[in-house]
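Work through the exercises below with the sequence and the 3D view at hand. Try each task before reading its solution.

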Amino acid sequence: MTEYTLFLDESYDDNTDLFCIAGCIIKNSDLNIVSNEIESIKQLIWTPTEISSLSPILHSTELNIAYKNRNNSQISRFTNGAYTVFNTKTKEEIADCYQNVYKSFSLLMKNQEITTLCCIIDRKKFRSYYALPNEPRLIDDWYDIAMQEILEAYTHFLCKVNGAGSIIYEARTNSSNTRSNSLDNKMFHNFCKVKVNGKGVSYLTNRTIYNRIRFFNIVTKKDNQAGLQLADFIAFNYIKWYTRTDNERTEFMKRIHHAAYNGNHDLTQEDLRACWGVRILPTDVTENQKNIVELKKLKKSYNNLKTERNRLNRKLTKITKEKHDLQERYNELLDQLTQLKSTSN
């Protein structure tokens, strides 16, 4: 069986209360290629000497901060660590770095045929749908909810390609925390419950997961995993993709969405990414109801247009016939006039 690795990271948007776990599925045989490409992308920002001395890690938030503050003469107030190199760059150079990094990531995604997985949770809406004031512990951990969706899609992917895979997740803290109640251990234990203890997920048995997913490893950012750096940019941009219209989405946002797992279906024939590669929770009932009402209005308008079209067609047919009759009458009168002129002569 072909071996795969799913690299995962999370992202937040406090303004909209959105939470996202997302990442990329990469063939193990392609990991060295991806790693080399990531190192090449770093050279768009740092010189070889800076890479050697700073050991920089590509991080979407830090790059975005530098880009947003490129016109600020006090940009040094916002940059940290390896990203302080932007303090001595012009706004044009910062913009070029930003654009070139994203262009290179898009090209990497395309060339390596990387598949993405994502689960976005609207926490405010989730609470309004499911929370009860007298049951504060009713709702499960956001990470566990999202991970169950990711595990389901990843397992289905591995079954589709007859592969086996592992998961590498970026630690939620910068240091290795071995306490049993740490956030990372909690996530790992939940994975073990899903895989081994019969819990399973909504549509797949635990045995299927057990047969397909080998390991679940949690590593810190300082481990400098190339796949995690790509996953970081994917998670960061999936939230932006969700909150923007299609015209506002960047090429990279469109690329990661195009690469989302579509189940065992041809995307050109049927788009099922919302069932697999891009899960949005909870299902927006009110939005669906609005869409149903709007659809009914559109159907009514369409039927009215068809009725009006048919009426106009009937009227056109009548007018066309009248025109034909008038033309014939005109021809008859013209013939009569011609005969009269001939007789008078």
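**Exercise 1. Overall build**

How many helices and how many strands are there in the chain?

Solution. The model is a predicted one, and in it the chain holds eleven helices and six strands. Next, turn to the overall extent: the C-alpha atoms fill a box of roughly 120 × 55 × 45 Å along the principal axes. The radius of gyration of the chain is 30 Å, whereas a compact globule of 345 residues would have a value near 20 Å. Finally, as to burial, 41% of the 345 residues count as buried.

**Exercise 2. Helix 9**

Compare the expected span of helix 9 with the distance between its end C-alpha atoms, and then decide whether the helix is enclosed or open.

Solution. Helix 9 covers residues 226-243, which makes 18 residues, and at 1.5 Å a residue these should span 26 Å. The end C-alpha atoms of helix 9 are 27 Å apart, which agrees with that expectation. For the second part, 15 of the 18 residues of helix 9 are buried, so this helix is largely enclosed by the rest of the structure.

**Exercise 3. A salt bridge between distant parts**

Which parts of the chain does the pair R127 and D17 link?

Solution. Begin with the general idea that side chains of opposite charge can pair when their charged atoms come close. The side chains of R127 and D17 meet in a salt bridge, with 2.8 Å from N to O. This pair links distant parts of the chain, since R127 lies in helix 5 (residues 123-130) and D17 in the loop between strand 1 (2-13) and strand 2 (18-27), 110 residues apart. Now consider exposure: D17 counts as buried because its relative accessibility of 18% is under 20%, while R127, at 38%, counts as partly exposed.

**Exercise 4. Along helix 11**

Describe two salt bridges within helix 11, and then name the residues of a nonpolar surface patch that includes L337.

Solution. In one salt bridge E308 pairs with R311, the closest N and O atoms being 2.6 Å apart; in another, E332 pairs with R329 at 3.3 Å. E308 and R311 both lie in helix 11, three residues apart, or about one turn of the helix, and E332 and R329 likewise lie in helix 11, three residues apart. As for the patch, Y330, L334 and L337 make a nonpolar surface patch of about 290 Å². L337 is found in helix 11 (residues 285-344) and is partly exposed, with a relative accessible area of 42%.

How values were computed. Residues numbered from 1 in each chain as written. Predicted model: local features only at pLDDT ≥ 70, side-chain atom pairs only at ≥ 80, totals over all residues. Heavy atoms only, no water. Patch = residues over 30% accessible without salt bridge, like charges linked within 9 Å, V, L, I, M, F, W, Y side chains within 5 Å. Areas by Shrake-Rupley, 256 points an atom, 1.4 Å probe, with all protein chains shown as cover. Salt bridge = Lys/Arg side-chain N within 4 Å of Asp/Glu carboxyl O. Helix = DSSP H or I, 4+ residues; strand = E, 2+ residues; numbered from the N terminus. Buried < 20%, exposed > 50% of the residue type's maximum accessible area, 1.4 Å probe, protein only. Rg over C-alpha atoms; globule rule 2.2 N^0.38 Å. Expected span 1.5 Å × (residues − 1).
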